[in-house]
Amino acid sequence: MQNQKSLFQLDPDVHYLNCAYLSPQLKSVEQAGMEGMKRKNNPMYIKAHHFFDDAAEVKQLFGQMINAKAQQVAIIPSTSYGFANALNNVPCKKGQHIICVSEEFPSGYFAAHQWAKTHDAELITIGTEANITASEWHEKIMDKINDQTAAVLISSVHWSNGIRFKLKTIGAKCKMLGAKLIVDGTQSVGAYPINVVEENIDVVVCAAYKWLMGPYATGLAYYDESFNEGKPIEESWMNRTNAMNFSQLANYDHHYTEGAGRYNVGQNANMIQLPMMKAALSQILAWEVSEIQYYCESLMHQLFDFCNDIGAEVVEEDFRSNHLVGIALPESVDFDELTHCFQTRNIISSVRGSRIRISPHVYNTQNDIEAVIDAISICSK
Ligand SMILES: Cc1ncc(COP(=O)(O)O)c(C=O)c1O
């Protein structure tokens, strides 16, 4: 893939390496949002079907990305909302527990914590030991999953250190033992391939403003068929089978729309955000997720080699992704000086815990990675 910077409006003087924080906006996504905003200038042209058409397309596109049927996709406002819908429908038998990894993003952690509290069950957090490697961490997760596990809630790529857990292995064990695998896909879906069928994933919840390149306050979730009779956290009229028939809404229809339709957030027909989401997903699918990952790999291998040379710690190769890496720098690098150096050189990344998180995308070039390497070299004693 060629560099795609011309499709964005990034400030040319900035090395933006922070998609894990917020993706920059595609011009096509901005355009879709502007058109969506203007639509309400003349509400008489907005018909009943307009409340449903974009949502249907967004679900289809997201389903295509994760290998799911469109009807199993729901539109949500945030991951916390998506997790609540999932975990409210995971029952707990006496003695069961839920598993999470340490330093999980708070929306996932609090959802798991709340489930455990509600059911007077144990929340088992794995990976709390210092200096644990990704493969050891993974083995510990695998060891802990047993016939008392009700659910595993885990990120596909850990938001701060960049570990990409082997979901297929975890999913196979969960399936064998009847545990639900609930995945926070926020830090990988759109940039690293995921296949809910092959990986035996029961639920995927994603905020869309990072690797899905959509607007803020929009998210997408997949719930497998076992959730189709579940209880949603709210009761929107839009999720009923008669919703398109505006003149008959008070003939209350107690049937939910098919699949995961019951889990859509109320007022999900956001006529600004959904067209933006549609434009973003269409562009990502046109690029192809695997190609995005290859592109990031072509940029990042130079940084990985450099980290190796200076003794900086990055996740071992087998558990790494190329679009998000948390680098633990050696003591020879002055962290404060480096932060200052990044600022003066317009290198935009995030500090997460004791790591610098570098997260490139198709608008980055080798020049951006070289700027990072230069800055770290200058700040090494
Ligand atoms: C792994 C992960 N999950 C979720 C979120 C966002 O959570 P929410 O949608 O609940 O605001 C983030 C934001 O940084 C994240 O990194």
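**Exercise 1. How many bridges join strand S7 to strand S8, and do the two strands run parallel or antiparallel?**

Solution. Keep in mind as you work that this is a predicted model.
- Find S7 at residues 203-207 and S8 at residues 219-223.
- Five bridges link S7 with S8, and the two strands run antiparallel.
- To see one bridge for yourself, start at Val-203, whose partner in S8 is Tyr-223.

**Exercise 2. Work out which strands stand at the edges of the seven-stranded sheet.**

Solution.
- Write down the order of this open sheet: S2-S8-S7-S6-S5-S3-S4, with mixed pairing.
- Look at S2 (73-76) and S4 (122-126): each has a single partner strand, so one side of each has no neighbour in the sheet. These are the edge strands.
- Now follow the twist, which averages 20° from one strand to the next.

**Exercise 3. Describe where helices H3 and H4 lie on the sheet.**

Solution.
- H3 lies across S2, S6 (180-184), S7 and S8, and runs at about 165° to S7.
- H4 touches S3 (97-101), S4, S5 (149-155) and S6, and its direction makes about 165° with that of S3.

**Exercise 4. Decide how H3 and H4 are arranged relative to each other, and what kinds of residues meet there.**

Solution.
- H3 (residues 79-87) packs against H4 (residues 106-118) at an angle of about 25°, with the axes 9 Å apart.
- Angles under 35 degrees count as roughly parallel, so H3 is roughly parallel to H4.
- The crossing of H3 over H4 is right-handed.
- From H3, the residues in contact include Phe-83 and Leu-87; from H4, they include Ala-111 and Trp-115.
- Sorted by kind, the residues of this H3 and H4 contact give five nonpolar, four polar and no charged.

Technical notes:
Residues numbered from 1 in each chain as written. Predicted model: local features only at pLDDT ≥ 70, side-chain atom pairs only at ≥ 80, totals over all residues. Axes fitted to C-alpha atoms, helices over the stretch in contact; angles between N-to-C directions. Helix = DSSP H or I, 4+ residues; strand = E, 2+ residues; numbered from the N terminus. Parallel < 35°, antiparallel > 145°, perpendicular 65-115°, else oblique. Left-handed = near helix turned anticlockwise from the far one by under 90°. Contact = placed C-beta atoms within 7 Å. Nonpolar A, V, L, I, M, F, W, Y, C, P; charged D, E, K, R; others polar. Pairing = 2+ DSSP bridges.
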